[in-house]
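Let's take a quick tour of this protein chain, starting from its charged side chains and then zooming out to the fold.

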Amino acid sequence: VQLQASGGGLVQAGGSLRLSCAASGRLFSSYVMGWFRQVPGKEREFVAAIRWSGDSIKYADSVAGRFTISRDNAKNTVYLQMNTLNPEDTAVYYCAADSRFGFRLPFGSVASRYDYWGQGTQVTVSS
């Protein structure tokens, strides 16, 4: 599986962006697709996750109510709609796929369980 993230950019506080993660290769229903973000000097932070079947979704508390994760099976793509952005959302955003541990708890938030990672896309929110 190869992942290609896109959609990052510069946006003013309060604005919106939609990130896309296009996957090549077959994604099975048990796979978990996640979004993480990282700023220099800090650990990679969980943002959101969705099982490819669509039956499980999880958000970090910091983005719940503002971000929405979704997937398009036909396009083999996962999206992260980000609304009401604030400067604290500035980071490099990575998409990832977990092909092995999708049914372990906690769901989706453990970065070390993901075995495929995209290259990252920069999101910058100006105040």
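## A charged network

In this predicted model, Arg37, Glu45, Arg66 and Asp89 are joined up in a network of salt bridges. Asp89 takes part in it twice over: Asp89 pairs with Arg37, where the closest N and O atoms sit 2.9 Å apart, and Asp89 also meets Arg66, at 2.8 Å from N to O.

Look at where these partners come from. Asp89 is in the loop between β8 (77-82) and β9 (91-98), while Arg37 belongs to strand β4 (residues 32-38), so this salt bridge ties together parts that are 52 residues apart in sequence. The Arg66 pair links distant parts of the chain too, with Arg66 in the loop between β6 (57-59) and β7 (67-72) and 23 residues separating it from Asp89.

## Buried or exposed?

Here the cut-off helps: a residue counts as buried under 20% relative accessible area. Asp89 has a relative accessible area of 1%, so it is buried. Arg37 comes out at 5%, so it goes in the buried bin as well. Arg66 is likewise buried.

## Another pair, out in a loop

The structure holds five salt bridges. One of them joins Asp115 and Arg100, at 3.5 Å from N to O. Both residues lie in the loop between β9 and β10 (116-117), 15 residues apart.

How exposed is this pair? Asp115 has 27% relative accessibility and counts as partly exposed. Arg100, at 49%, also counts as partly exposed.

## The fold as a whole

Zooming out, the protein chain has zero helices and eleven strands, so if you read the elements from the N terminus on, you get β after β. The radius of gyration is 13 Å, close to the 14 Å that the globule rule gives for 127 residues, so the chain is as compact as a globular protein of that length. Along its principal axes, the C-alpha trace spans about 40 × 30 × 25 Å.

Of the contacts in the chain with a separation of 6 or more, 56% are between residues 24 or more positions apart. Buried residues make up 43% of the 127 residues.

## Surface and charge

The protein chain exposes about 6,300 Å², and carbon and sulfur atoms supply 48% of that. As for the overall charge layout, there are 13 positive and 9 negative charges, and their mean positions are 5 Å apart.

How values were computed
Residues numbered from 1 in each chain as written. Predicted model: local features only at pLDDT ≥ 70, side-chain atom pairs only at ≥ 80, totals over all residues. Heavy atoms only, no water. Helix = DSSP H or I, 4+ residues; strand = E, 2+ residues; numbered from the N terminus. Rg over C-alpha atoms; globule rule 2.2 N^0.38 Å. Buried < 20%, exposed > 50% of the residue type's maximum accessible area, 1.4 Å probe, protein only. Contact = heavy atoms within 4.5 Å. Areas by Shrake-Rupley, 256 points an atom, 1.4 Å probe, with all protein chains shown as cover. Lys, Arg positive; Asp, Glu negative; His and termini not counted. Charge placed at Lys NZ, Arg CZ, Asp CG, Glu CD. Salt bridge = Lys/Arg side-chain N within 4 Å of Asp/Glu carboxyl O.
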